[in-house]
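Student: Please look closely at one part of this structure: how its strands pair, and what lies around them. I would like one connected account with the cut-offs stated.

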Amino acid sequence: MNRFVSNFTNKLDSKGRVSIPASFRAVLARDGFEGLYVHPALDAPALDAGGNVLLNEIDAFLSTLSPYSDERDQLSTALFGTSEILKVDPEGRVILTDTVKVHAEIGDTVTFVGLGHKFQIWEPERFRAHLEEARTKVRDLKKALGNRILEPRLVQNASPGVRER
């Protein structure tokens, strides 16, 4: 599988290293990115992380904006100007810098959360609250979609089995 899925909670060791889940390391290895690309999430107290697929999605999104627009400059600053490339050691661990730990309010434990093309790194209690909020929104969305009235399909004025000429 080439997607980041599930969630895992790991402790930072005494040197500040944390093990990237093995299934996430496997996706990164297939992606061919050496290291781990990390930036503060734009809309959450978490870190977005990944490899070439994540970088390619960011590049594709930025390419939809005018090269000299304020929007492109602002997004580039937020996505590239605050990012870090973390070295993954032979045991699959990284050291989270103080800068990224402060953004996500990470202490001695983190939760890795798969989001398909990328994953996020959260402080575990903040992730639990975020997950509950997401579940509530999804339940509300499901109800709204379930109550939506579908337009009747066009029905042909022909009896079953009768071909038009």
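Tutor: Two strands are said to pair if DSSP finds at least two bridges between them, where strands (E, at least two residues) and helices (H or I, at least four residues) are DSSP runs numbered from the N terminus. The model is a predicted one, in which local features need pLDDT of at least 70 and side-chain atom pairs count only at pLDDT 80 or more, while totals for chains, interfaces and linings use all residues. Residues are numbered from 1 along each chain as its sequence is written, and side-chain values use heavy atoms, with hydrogens and water left out.

By that definition of pairing, β3 and β4 run antiparallel and are joined by four bridges, with V38 having A49 of β4 as its bridge partner. Six residues separate these two strands, which form a hairpin. On to the next neighbour, β4 and β8 are likewise antiparallel, joined by three bridges, and here A49 has F119 of β8 as its bridge partner. A49 of β4 is thus named in two pairings, with V38 and with F119.

The hairpin belongs to an open sheet of six strands with antiparallel pairing, in the order β1-β7-β8-β4-β3-β5. Its edges are β1 (7-11) and β5 (84-86), each of which pairs on one side only, and from one strand to the next the twist averages 30 degrees (axes are lines fitted to C-alpha atoms, for helices over the stretch in contact, and angles between N-to-C directions run from 0 to 180 degrees). At the β1 edge, the antiparallel partner is β7, residues 109-114, which is held to β1 by five bridges, and T9 stands opposite T111 of β7.

In a regular strand the side chains alternate between the two faces of the sheet. In β4, L47 and A49 point one way and D48 and G50 the other, and all four are buried (under 20% relative accessible area; exposed is over 50%, partly exposed in between, with a 1.4 Å probe and protein chains only). Helix α2, residues 52-62, lies across β3 (36-40) and β4 (47-50), and runs at about 50 degrees to β3.

Another helix to consider is α1, residues 22-31, in which F24, V27 and L28 are buried. Seen down the axis of α1, these buried residues fall within an arc of 100 degrees (taken from the directions from the axis to the C-beta atoms), so they line one face of the helix. The face turned away from that side carries the exposed residues A22 and A29. What covers the buried residues of α1 includes β1, β3, β4, β7 and β8 (119-122). After α1 comes G32, with a positive phi near 85 degrees.

These elements meet in a nonpolar core (buried Ala, Val, Leu, Ile, Met, Phe, Trp, Tyr and Cys residues joined through side-chain atoms within 4.5 Å). The largest such core has 21 residues, and L36, L96, I106, V110, F112, F119 and I121 have the most contacts inside it. Two or more residues come from each of α1, β3, β4, α4 (98-104), β7 and β8, and α1 gives the largest share, three residues. A second, separate core of seven residues includes L54, L55, I58 and L62. In the surroundings of I121, apart from neighbours within four places in sequence, the residues in contact (heavy atoms within 4.5 Å) are A46, L47, A49, L96, A104, I106, V110, T111 and F112.

The loop between β7 and β8 holds L115, which counts as partly exposed at 38% relative accessibility. Although L115 and D48 are 67 residues apart in sequence, their C-alpha atoms lie 9.5 Å apart in space. Beyond its neighbours within four places in sequence, L115 is in contact with F4 and Q120.

Two further residues merit attention for their backbone geometry. Most residues other than glycine have a negative phi. S6, in the segment before β1, has instead a positive phi near 80 degrees, and S6 is partly exposed, with a relative accessible area of 45%. E105 is likewise not a glycine and has a positive phi of about 50 degrees; E105 sits in the loop between α4 and β7 and counts as partly exposed at 48% relative accessibility.
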